[in-house]
Amino acid sequence: QVQLVESGGGLVQPGGSLTLSCAASGSISSIVVTGWYRQAPGQERAFIASITNTGYTKYADSVKGRFTIVRDYAKNTVYLQMNSLKHEDTAVYYCHSVGTELSWGQGTKVTVSS
């Protein structure tokens, strides 16, 4: 089994930056892809970014050029660096892993507001 724990959410002003962390534990050698999704109030959960175990990255159009997904193999942690944040980035952000099983974290809330 894989356990994912997100952290780093909070309140940030428009134009600001925030970095989310997703720490993995358990059967981490089975993970092929780790990604970030977000769910805004009243909306469905949506894909944001992902990184494979070979370092290939993919981004949603809405965050390209502003968000960067990075993996620290030594710490078994995937980060989502978010810059130039907008009001519409407000959501609960979830970490997701794909391997021999699918795993989700509990989510971390990001609020972009002045």
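A salt bridge here is a side-chain nitrogen of Lys or Arg within 4 Å of a carboxyl oxygen of Asp or Glu. Keep that cut-off in mind while looking at this predicted model, where a search of the whole structure turns up three such pairs.

**The charged pairs**

Let's start with Asp-61 and Lys-64, whose side chains meet at 3.2 Å, N to O. That is inside the 4 Å limit, so the pair counts as a salt bridge. Asp-61 and Lys-64 are both exposed.

The other pairs involve Asp-89. Its side chain meets that of Arg-38 in a salt bridge of 2.9 Å, and it also forms a salt bridge with Arg-66, at 2.8 Å. Put together, Arg-38, Arg-66 and Asp-89 are linked in a network of salt bridges.

| Salt bridge | N to O distance |
|---|---|
| Asp-89 and Arg-38 | 2.9 Å |
| Asp-61 and Lys-64 | 3.2 Å |
| Arg-66 and Asp-89 | 2.8 Å |

Where do Asp-89 and Arg-38 lie? Asp-89 is in the loop between β8 and β9, while Arg-38 is in strand β4 (residues 33–39), so their salt bridge ties together parts that are 51 residues apart in sequence. Arg-66 comes from the loop between β6 (57–59) and β7, so its pairing with Asp-89 ties together parts 23 residues apart in sequence.

Are Asp-89 and Arg-38 buried or exposed? Both are buried. Asp-89 has a relative accessibility of 0%. Arg-66 comes in at 11%, and because buried means under 20%, Arg-66 counts as buried too.

**A buried arginine with no salt bridge**

Now for Arg-71, which sits in strand β7 (residues 67–72). Arg-71 is buried yet has no salt bridge. Why not? The nearest side chain of opposite charge, Asp-72, is 8.7 Å away, and a salt bridge has to be within 4 Å, so the pair doesn't qualify.

What does the Arg-71 side chain have instead? It makes a polar contact of 2.9 Å with the side chain of Thr-34. A polar atom of the Arg-71 side chain also lies 3.0 Å from the backbone oxygen of Thr-52. Leaving aside neighbours within four places in sequence, Arg-71 is in contact with Ile-31, Thr-34, Ile-51, Thr-52, Asn-53, Thr-77 and Val-78.

**The nonpolar core**

The largest nonpolar core has 27 residues. Those with the most contacts inside it are Leu-20, Trp-36, Phe-67, Ile-69, Leu-80, Met-82 and Tyr-93. Two or more core residues come from each of β1 (2–7), β3 (18–26), β5 (46–52), β7, β8 (77–82), β9 (91–98) and β11 (108–112). With four residues, β3 gives the most.

Leu-80 is a handy place to look around. Not counting residues up to four places away in sequence, Leu-80 touches Leu-18, Thr-19, Leu-20, Trp-36, Ile-48, Ala-49, Phe-67, Thr-68, Ile-69 and Tyr-93.

**The disulfide**

The structure holds one disulfide. Cys-22 and Cys-95 form it, with their sulfur atoms 1.9 Å apart. The pair links distant parts of the chain, as Cys-22 is in strand β3 and Cys-95 is in strand β9, 73 residues apart. The torsion about the S-S bond is about -80°, so this disulfide is left-handed.

Cys-22 has 2% relative accessibility, so it counts as buried. Cys-95 is buried as well, with a relative accessible area of 0%.

Terms used: Residues are numbered from 1 along each chain as its sequence is written. This is a predicted model: local features need pLDDT of at least 70, side-chain atom pairs count only at pLDDT 80 or more; totals for chains, interfaces and linings use all residues. Side-chain values use heavy atoms; hydrogens and water are left out. Buried means under 20% relative accessible area, exposed over 50%, partly exposed in between (1.4 Å probe, protein chains only). Lys and Arg count as positive and Asp and Glu as negative; His and the chain ends are not counted. A polar contact is a pair of N or O atoms within 3.5 Å; within protein, one must be able to donate a hydrogen and the other to accept it, and residues adjacent in sequence count only if both atoms are side-chain atoms. Contact means heavy atoms within 4.5 Å. A nonpolar core is a set of buried Ala, Val, Leu, Ile, Met, Phe, Trp, Tyr and Cys residues joined through side-chain atoms within 4.5 Å. A disulfide is a pair of cysteine sulfur atoms within 2.5 Å.
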